[in-house]
Amino acid sequence: MFTPLMLTVRGISAAFALTLLALSSTVSGAEYLELSQLRQRELAQLVRNDCGSCHGLTLKGGLGPALLPESLRDKSIEGLRETILRGRTGTAMPPWSVFISEIEANWIVEQLMKGFPDAH
Ligand code: HEC
């Protein structure tokens, strides 16, 4: 037997459950956020062209040090990411946080450590 009160309670709990669902999918969505293929290509070009102007087109070093897997192997991902985002005061390494997000800087560090993909 349904009373209007029961319907209201059911309605509220259904709305509550939906809200929870929406919240939890937003959170896990952010955790597993992946960069689009397009953005990955843009970042690959940025690294080859802009970073390459100092670190060498093949990233073997120039004005800036080599950014190859063997040169970065023992360094911390967080430290490298901070260097990219904030630059290094007193050196030629500029900050990039205006152009790239933290997630994107992490992606760049991961790719550098694996061997950076060619820009197509
Ligand atoms: C104007 C020149 C210049 C540009 C452009 C530049 N860098 Fe640098 N970068 C440097 C120099 C010089 C250093 C070394 C700083 C020092 O002496 O500590 C450096 C250091 C670094 C380091 C730390 C390396 C290590 O072994 O600790 C990383 C990572 C890095 N750069 C990544 C990048 C990325 C990614 C870009 C492009 C988004 C970029 N750099 C663009 C000059 C540059």
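User: Let's start with the contacts in the protein chain that have a separation of 6 or more: what percentage comes from residues 24 or more positions apart?

Analyst: Keep in mind that this is a predicted model. Counting just the protein-chain contacts with a separation of 6 or more, the share from residues 24 or more positions apart is 50%.

User: And what's the order of elements from the N terminus on?

Analyst: The protein chain has zero strands and five helices. So reading from the N terminus, given that helices and strands are numbered from that end, the elements go α-α-α-α-α.

User: How much of the protein chain counts as buried?

Analyst: To count as buried, a residue needs 20 or more other C-beta atoms within 10 Å of its own. Over the 120 residues of the protein chain, the buried share comes to 12%.

User: Now the ligand. Which element gives the largest share of the shell around it?

Analyst: There are 22 residues around the ligand, and Cys51, Cys54, Gly64, Thr91 and Met93 come nearest. Two elements, α2 (37-55) and α4 (77-86), give two or more residues to that shell. With seven residues, the largest share belongs to α2.

User: How many residues of that shell are nonpolar?

Analyst: Take the other classes out of the way: three residues of the shell are charged and five are polar. The nonpolar ones number 14.

User: Where is the kink in α2 centred?

Analyst: The buried residues of α2 are Leu43, Val47, Cys51, Gly52 and His55. The helix has a kink of about 25 degrees, and one of those buried residues sits at its centre. That residue is valine 47.

User: Which residue just after α2 takes a positive phi?

Analyst: α2 runs over residues 37-55. Just after the helix, phi goes positive, at about 90 degrees, and the residue there is glycine 56.

User: Is leucine 59 buried or exposed?

Analyst: Leucine 59 lies in the loop between α2 and α3, and its phi is positive, near 65 degrees, though it isn't a glycine. It has 22 other C-beta atoms within 10 Å. The cut-off is 20 or more, so leucine 59 is buried.

User: Moving along to the loop between α4 and α5, how exposed is glycine 87?

Analyst: Glycine 87 sits in that loop and has 15 other C-beta atoms within 10 Å. Buried takes 20 or more and exposed takes 12 or fewer. The count of 15 falls in between, so glycine 87 is partly exposed.

User: What distance separates the C-alpha atoms of glycine 87 and serine 97?

Analyst: Leaving aside neighbours within four places in sequence, glycine 87 is in contact with Met93, Pro94 and Pro95. Serine 97 is 10 residues from glycine 87 along the chain. Their C-alpha atoms are separated by 8.8 Å.

User: On to α5: within what arc do its buried residues fall?

Analyst: α5 has 13 residues and reaches 18 Å from its first C-alpha to its last, close to the 18 Å expected. Its buried residues are Glu104, Ala105, Ile108, Val109 and Leu112. They line one face of the helix, because seen down the axis they fall within an arc of 140 degrees.

User: What covers that buried set, and is α2 covered in turn by α5?

Analyst: What covers the buried residues of α2 includes α5 (102-114). Going the other way, the cover over the buried residues of α5 includes α2, α3 (69-72) and α4.

User: Finally, which residue follows α5?

Analyst: Past the end of α5, phi turns positive, near 110 degrees. The residue carrying that value is glycine 115.

Technical notes:
Residues are numbered from 1 along each chain as its sequence is written. This is a predicted model: local features need pLDDT of at least 70, side-chain atom pairs count only at pLDDT 80 or more; totals for chains, interfaces and linings use all residues. A residue is near a molecule or strand if its C-beta atom, placed from the backbone, lies within 6 Å of it. Helices (H or I, at least four residues) and strands (E, at least two) are DSSP runs, numbered from the N terminus. Ala, Val, Leu, Ile, Met, Phe, Trp, Tyr, Cys and Pro count as nonpolar, Asp, Glu, Lys and Arg as charged, and the others, Gly among them, as polar. The bend at a residue is the angle between axes fitted to the seven residues ending there and the seven starting there. Two residues are in contact if their C-beta atoms, placed from the backbone, lie within 7 Å. The expected span of a helix is 1.5 Å times one less than its number of residues. The arc is that of the directions from the helix axis to the C-beta atoms.
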